[in-house]
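Here are my notes for you, written as a short list of points. Have the structure open while you read, and look up each residue as it comes.

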Amino acid sequence: MPESDLTGNSRPVTSSQTGCHDALESTVKRHLTHPFRKPVVPHNQQAFDEALKWREKWQREERPLILDSFCGTAQSAIHLAQRFPDHQVIGVDKSAHRLQRPPAEVPENALLVRADVDDFWRLAQTAQWRPEKHYLLYPNPWPKPAHLQRRVHGSPLFPTLLALGGELELRSNWQLYLQEFAMAIELA
């Protein structure tokens, strides 16, 4: 899929960080051995419950699940739903503002959910969801070295992402982000 088909994001990332973060290995290992215990925020639970109901409607047809995390304005989720009409596609983003302006009509096999992936992924794991595919298309790279734990692979939710399983596709406009993510996968 061409980049413009999914996000149109091509802005360069600038950072004072020139190589994989020095604390990446210790951070990933710590998160792999210590579960994330933050309570689920009520609005995220409600959003997940709505997604669960929507998903149950489609499960009678046994459609595989595709997650599009950090979907922004949902351009990628809409594209994925059109590309995979026999799948359920759930686009998740924390910004209600971005989700209120999808670039096209949302297909019936797609659902846009306003929630933080921190809680959504944990709830999906608890519900034993097993997405066939999981897309992380241009998540905020948090390029400042002090923001390692805000990056997906440096966050306490990285083990949850891996536990969900499925084919994972990550795209970024920052090569270092991709290298760190690959290193985190190897550590896991």
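The points below go through a pocket first and then two helix pairs.

1. One thing before we start: this is a predicted model. Keep that in mind for everything that follows.

2. Let's begin with the largest pocket, which holds about 1000 Å³ of space. Its lining is made up of 38 residues, and the closest to the centre are Phe70, Arg98, Tyr138, Pro139 and Asn140. Try finding those five on your screen to get your bearings.

3. Which elements give two or more residues to that lining? They are α4 (75-83), β2 (88-93) and α6 (117-126). Of these, α6 gives the most, with three residues.

4. What kinds of residue line the largest pocket? Sorted by class, there are 19 nonpolar, eleven polar and eight charged residues.

5. Now stay with α6 and bring in helix α3, residues 42-59. The axes of the two helices come within 9 Å and cross at roughly 45 degrees. Oblique is the word for angles that fall between roughly parallel (under 35 degrees) and roughly perpendicular (65 to 115), so α3 is oblique to α6. The crossing is right-handed.

6. Who touches whom here? On the α3 side you'll find Asn44, Gln45, Phe48 and Ala51, and on the α6 side Asp119, Phe120, Leu123 and Ala124. Split by class, this contact has five nonpolar residues, two polar and one charged.

7. The other pair is helix α2 (residues 24-33) with helix α8 (residues 175-187). Their axes come within 10 Å and cross at roughly 45 degrees, which means that α2 is oblique to α8. This crossing is right-handed.

8. Which residues meet in this second pair? From α2 come Leu24, Glu25, Val28, Lys29 and Leu32, and they meet Glu180, Met183, Ala184 and Leu187 of α8. By class, the contact has six nonpolar and three charged residues, with no polar ones.

9. To tie the points together, go back to α6: it lends three residues to the lining of the largest pocket, and it also makes a contact with α3 through residues including Phe120 and Leu123.

Terms used:
Residues are numbered from 1 along each chain as its sequence is written. This is a predicted model: local features need pLDDT of at least 70, side-chain atom pairs count only at pLDDT 80 or more; totals for chains, interfaces and linings use all residues. Side-chain values use heavy atoms; hydrogens and water are left out. On a 1 Å grid over the protein atoms alone, a cavity is a set of points where a 1.4 Å probe fits but cannot get out, and a pocket is an open set with protein on both sides within 12 Å along at least five of seven lines; lining residues have an atom within 4 Å of a point. Grid points are joined across faces, edges and corners, and a volume is the space filled by probe spheres set on the points. Helices (H or I, at least four residues) and strands (E, at least two) are DSSP runs, numbered from the N terminus. Ala, Val, Leu, Ile, Met, Phe, Trp, Tyr, Cys and Pro count as nonpolar, Asp, Glu, Lys and Arg as charged, and the others, Gly among them, as polar. Axes are lines fitted to C-alpha atoms, for helices over the stretch in contact, and angles run from 0 to 180 degrees between N-to-C directions. Angles under 35 degrees count as roughly parallel, over 145 as roughly antiparallel, 65 to 115 as roughly perpendicular and the rest as oblique. A crossing is left-handed if the near helix is turned anticlockwise from the far one by less than a right angle, and right-handed if clockwise. Contact means heavy atoms within 4.5 Å.
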